[in-house]
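Student: I have the model open and would like to talk it through with you. Could we start with the strands and then move inward?

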Amino acid sequence: MLAAAQKDEKKDQALKNHVGHPQTGRDCPFTLLNSPISHTQYPYVTGTSVLGIKYKDGVLLASDMGGSYGSTLRYKSVQRLKPIGKHTLLGAGGEISDFQEIVRYLDELILYDNMWDDGNSLGPKEVHNYLNRLMYNRRNKFNPLWNTLVLGGVKNGQKYLGTVNMIGVHYEENHVATGFGNHLARPIFRDEWHEDMTFEEGVKLLEKCMLVLLYRDRSAVNKLQIAKITEEGATISEPYAIKTHWELEAFKNPATGAVGSW
Amino acid sequence: MANTAIELPPKGGFSFDLCRRNEMLAKKGVQSPSFRKTGTTIVGLVFQDGVILGADTRATEGPIVCDKNCEKIHYMAPNIYCCGAGTAADTEAVTDMVSSQLELHRYATGRESRVVTALTLLKSHLYSYQGHVSAALVLGGVDCTGPHLHTIYPHGSTDTLPFATMGSGSLAAMAMFESRYREGMTREEGIKLVCQAICSGIFNDLGSGSNVDVCVITKGQKEYLRNYELPNPRTYVSSKGYSFAKGHTEVLSTKITPLKEHVKIIEGDAMEE
């Protein structure tokens, strides 16, 4: 919507797409001319937790395939784990569209890296640093990418597992989780993770935590993927479901013997 | 309308009048005084012979730990105990009140109290205060109908469960329960799992800390194990104790005031009546 006076300006700047904002005088696109600058966001389609652990040969990531639209479990085949280049895996919770945008940025980054054709390739540390800068700078412009990212990889025998979130908080750890996983899975990791777990032990630990999340996180779906990254490369498993247990005697008739409660 | 037969009691009952004023003040930026909350991880589980309750021992006032070793497992009846999370004053008052009511009821009926009685008294009290009494409770006990475990929320809703956690550390404790609970555990296994769940809360939640209290209730018997586990000992304690020998403190100046000079001894008669 343009004010009448500004239509003349538009003719003058036929090929320009930017004008000075009436309030701040700063450069801004036409579409924002009559609005106060605001990029406040709410996430619309969100993914829930992603879990990550280091193990003997590399790093394991796990996430379910759900995309919630508010309180509806709308999409049940959203792949939230993606391989980046040769050495890294990225998992994301939060806004799915922002995750897709991040993957696009990273695809461009890897492409340029490949084009150098110098025998060198971006490892997990480098990708993590790139994502830190990206997320932090977007946050500083009050236009964040609404995600919490888990980044794992192996390069030259060095295992790496780190996380970045939408405000730019980042760190490296032996086990990480996003969202609800922080409350439900991290305590289990702190108790049961140990150095140099085998692949089977690692998967068992991740599945144990995914089961707790399935029971207690309302936005979890029973369709998960486990991704593995080692020196050889990245593999993401086919989606599968885990077995839930509802046969507790106490659930069959909760109020027997306690008539008067519900 | 003529005067109805229903009369409000002249005093007592919660007056909601000031709530609107408080909301208005809060909107204007006046900070309400912080109360002592019990932060907390409280858990309960049903094992083969009865019920085990567990709690941490940290009480917080905002960001400060005000009591490092408080008691969160409250006595309700010889066969019923109740863990409380939320505002400490509310949990204490409400459990004390219902405990007295249960005792009077025992005298009136001549029978052992039942867990559902305590449950109903607690939930109807909390419901009538519409959530303003901030008490979240885990109630457990064994009566003539068997072992029972319930959770009660501040608004007055209840759940009957085989295992339950409440408080800020409830997710950390529930992660332990969900991954390790089985039906029909023995007493040792039950206590071990309760300790693991409370420790998970202590080490992963900021509102919980210090020690683990456990209470085991079985048919006809209860064991209140205060400070069953102390996973946070003071690390650096001098084995020789702390002594401050002469010569360790620098003396800057000395002034001696003999007190004898100020005392006058008067020889005289004994006091007359």
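Tutor: Gladly! Strands here are DSSP runs of E with at least two residues, helices are H or I runs of at least four, and both are numbered from the N terminus; two strands pair if DSSP finds at least two bridges between them. This is a predicted model, in which local features need pLDDT of at least 70 and side-chain atom pairs count only at pLDDT 80 or more, while totals for chains, interfaces and linings use all residues. Residues are numbered from 1 along each chain as its sequence is written, chains are lettered from A and ligands numbered from 1 in the order in which they are written, and side-chain values use heavy atoms, with hydrogens and water left out.

Student: Which residue is the bridge partner of A:L81 in β9(A)?

Tutor: Strands β8 (residues 81–84) and β9 (residues 88–95) of chain A pair in the antiparallel sense over four bridges. They form a hairpin with three residues between them, and A:G85 in the turn has a positive phi of about 65 degrees. Across this hairpin, the partner of A:L81 is A:G91.

Student: Which strands stand at the edges of the open five-stranded sheet of chain A?

Tutor: The order of this antiparallel sheet is β13-β4-β5-β14-β15. Two of its strands each have a single partner strand, so one side of each is left without a neighbour in the sheet. Those edge strands are β13 (175–177) and β15 (233–236) of chain A.

Student: Which helix of chain A gives the most to the largest nonpolar core?

Tutor: A nonpolar core is a set of buried Ala, Val, Leu, Ile, Met, Phe, Trp, Tyr and Cys residues joined through side-chain atoms within 4.5 Å; buried means under 20% relative accessible area, exposed over 50%, partly exposed in between (1.4 Å probe, protein chains only). The largest core has 67 residues, and A:L51 and B:F177 are among those with the most contacts inside it. With nine residues, the helix that gives the most is α6 (residues 199–216) of chain A.

Student: Is B:T40 buried or exposed?

Tutor: UniProt lists B:T40 for "active site" in an unreviewed entry, and such annotations may be inferred rather than shown by experiment. B:T40 is found in the loop between α1 (17–27) and β1 (42–46) of chain B. Its relative accessibility is 0%, so B:T40 counts as buried.

Student: With which side chain does the side chain of B:T40 make a polar contact?

Tutor: A polar contact is a pair of N or O atoms within 3.5 Å; within protein, one must be able to donate a hydrogen and the other to accept it, and residues adjacent in sequence count only if both atoms are side-chain atoms. At 3.0 Å, the partner is the side chain of B:K72.
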